[in-house]
Amino acid sequence: MKKALTRQQYLDLYYYMRLNRAVEDTMVKLFRQNKIVGGLYSSLGQEGISVGSAYALEKKDWLAPMIRNIGALLVKGVPPRDVFMQHMAKYDSPTKGKDGTSHFGDLENLHIVSPISMLGDLIPVMTGVAMAGRYLGQKIVAMTWIGDGGSSTGVFHEGLNFAATQRAPFVLILENNQWAYSTPVRRQVPLENLADRAKAYGIDSYIVDGNDVVAVYTTAKEAVDRARAGEGPILIEAKSFRRLGHAQHDPAEYVPKEMRKYWEARDPIALYEKFLTAEKLLDAKSKKEMEEKIDALLSKERDFAENSPMPPAEFAEHGVYCTGDNCHKIAPKWERPKAEVTPPKSSVAAVWTVEGFGAGKGSGGGNAPIHFGDTTASSAQLGDNEANLAPKAPAKKAPKKPVRAVQSAASGKARR
Ligand SMILES: Cc1ncc(C[n+]2csc(CCOP(=O)(O)OP(=O)(O)O)c2C)c(N)n1
Ligand SMILES: [Mg+2]
């Protein structure tokens, strides 16, 4: 690890990694007490990725977490009680108990888009967020995460290609934790480095040790700065390991023991503590103080969550359908004059043209069909559609080279 941050930044990264782990440890206890509704996923050993990457964002930036990114939510400002209540389906949770796990967002204040279960779908969505921010003149960056398995979905590729062609200010963190459920990376993709996927779309990529939070942060910061400066989207592959099963129900016995041992010895929090101690940024006293602060915060947050009621039964029928004025009220925040970013001022002339395209009028009033080469008089006398369908008689004189022409069915004249 290289020393390049302020003391406060180093300690923030430590605090959020510890908080991330403590929040998840608390939820394991709640799960065992049968208080969690639905599944419980773990980011044990991957905290450095969520924390280091989200810490590179500014307050105005947007993120969309996946199941192992609770750390990113905490960095963005989500209080632990919301994470607990959401997992417990409580009435005070962000979705009022309507959804579980980390399936919630905050479009108004924290700029968080809710996770989408279909792996990869957040990529085009966050590309859209990035483009909208640019359109509105907000200079924001959008970030989301995807797993090694998720990087093989079609929408990963469609989304990244779309982001690349649009040069969207978008940063994608590919968490290569070696497993997609019970499938190891090597059995699902013939690449050594998943960062190579960026080459197909002509965008830059980085590879980073996901268990080194400082490396993740500095890499993500560089990517975020470049995306914000207009250099287009960037892919970061963070290499790590999924230390537990896919979710609580999965003992992950398919993972080789040596592999688990190797990664357990590279715990990101233990490695970082070593670094902070060697650099005299953390001593036993300040470590204890931080632990006490986290303990006190989480027992307060957990109490709040446990005391929150379950939703009343009649609430089940509310908020299921859009009910007119009470939903979809999110208005754009225009930061450039509205006239400048709306047509006609914002209209961009097409970079391609087809001579006469759409210009001719057929006898039926619609646009005339486009023909390539000469059009015979007989087809010209037919209506628009019929002219399209009629078999073409051989041209009397073949043109020297193929030309594009638009036939006006009314006049029978071809314009070239
Ligand atoms: C399109 C799609 N296919 C399958 C699933 C079911 N599913 C959820 S998580 C998961 C494994 C994902 O593995 P990876 O992307 O490596 O993420 P990790 O769990 O390792 O963080 C699968 C197959 C899904 N949610 N969406
Ligand atoms: Mg994986």
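User: Which residues does Ile236 touch, once those up to four places away in sequence are not counted?

Analyst: A contact is a matter of heavy atoms lying within 4.5 Å of each other. In this predicted model, Ile236 touches Val171, Leu172, Ile173 and Leu174, and also Tyr206, Val208, Thr219, Ala220 and Ala223, with residues up to four places away in sequence left out of the list.

User: Which residues touch the most other members of the largest nonpolar core?

Analyst: A nonpolar core is built from buried residues of certain kinds that are joined through side-chain atoms. Here the largest such core has 89 residues, and those that touch the most other members are Val23, Met27, Trp145, Phe170, Val171, Ile236 and Tyr272. Helix H1, which covers residues 7-32, gives this core its largest share, namely twelve residues. There is also a second, separate core of five residues, and among them are Phe241, Ala252, Val255 and Trp263.

User: How should I read the protein as a whole, and how many helices and strands does the protein have?

Analyst: The protein has 13 helices and ten strands, and 45% of its 416 residues count as buried. If you take the contacts with a separation of 6 or more, 72% of them are accounted for by residues 24 or more positions apart. The exposed area of the protein is about 21,900 Å², of which carbon and sulfur atoms supply 55%.

User: Turning to the rings, how many aromatic pairs does a search of the whole structure find?

Analyst: The search finds nine aromatic pairs. To name the arrangement of a pair, one looks at the angle between the ring planes, where under 30 degrees counts as stacked and over 60 as edge-to-face. Tyr15 and Tyr16 make an edge-to-face pair, with 5.3 Å from centre to centre and 70° between the planes. Tyr15 has a relative accessible area of 14% and is therefore buried, and Tyr16, at 19%, is buried too.

User: Why is the pair of Tyr272 and Phe275 called stacked?

Analyst: The planes of Tyr272 and Phe275 stand at 10°, with the ring centres 6.0 Å apart, so this pair is stacked. Tyr272 and Phe275 are three residues apart in helix H9, residues 268-278, which means that about one helical turn separates them. Both Tyr272 and Phe275 are buried, and together with Tyr10 and Tyr14 they form one aromatic cluster.

User: Which charged residue lies over the face of Tyr91, and which over the face of Phe156?

Analyst: For this feature one asks how far the charge is from the ring centre and whether the charge sits above the ring face. Lys96 lies over the face of Tyr91, at 5.7 Å from the ring centre, while Arg197 lies over the face of Phe156, at 5.9 Å from the ring centre.

User: What is the phi of Gln178, and where does Gln178 lie?

Analyst: Gln178 is not a glycine, yet it has a positive phi of about 75°. Its place is the loop between strand E3 (170-176) and strand E4 (179-180).

User: Is Gln178 buried or exposed, and what can be said of Lys280?

Analyst: The relative accessible area of a residue decides this, with under 20% counting as buried and over 50% as exposed. Gln178 has 18% and is therefore buried, whereas Lys280 has 71% and is therefore exposed. Lys280, which is not a glycine either, has a positive phi of about 60° and lies in the loop between H9 and helix H10 (284-307).

Terms used:
Residues numbered from 1 in each chain as written. Chains lettered and ligands numbered in written order. Predicted model: local features only at pLDDT ≥ 70, side-chain atom pairs only at ≥ 80, totals over all residues. Heavy atoms only, no water. Phe/Tyr/Trp six-rings, centres within 6.5 Å; stacked < 30°, edge-to-face > 60°. Buried < 20%, exposed > 50% of the residue type's maximum accessible area, 1.4 Å probe, protein only. Helix = DSSP H or I, 4+ residues; strand = E, 2+ residues; numbered from the N terminus. Lys NZ or Arg CZ within 6 Å of the ring centre and 35° of its normal. Areas by Shrake-Rupley, 256 points an atom, 1.4 Å probe, with all protein chains shown as cover. Core = buried A, V, L, I, M, F, W, Y, C linked by side-chain atoms within 4.5 Å.
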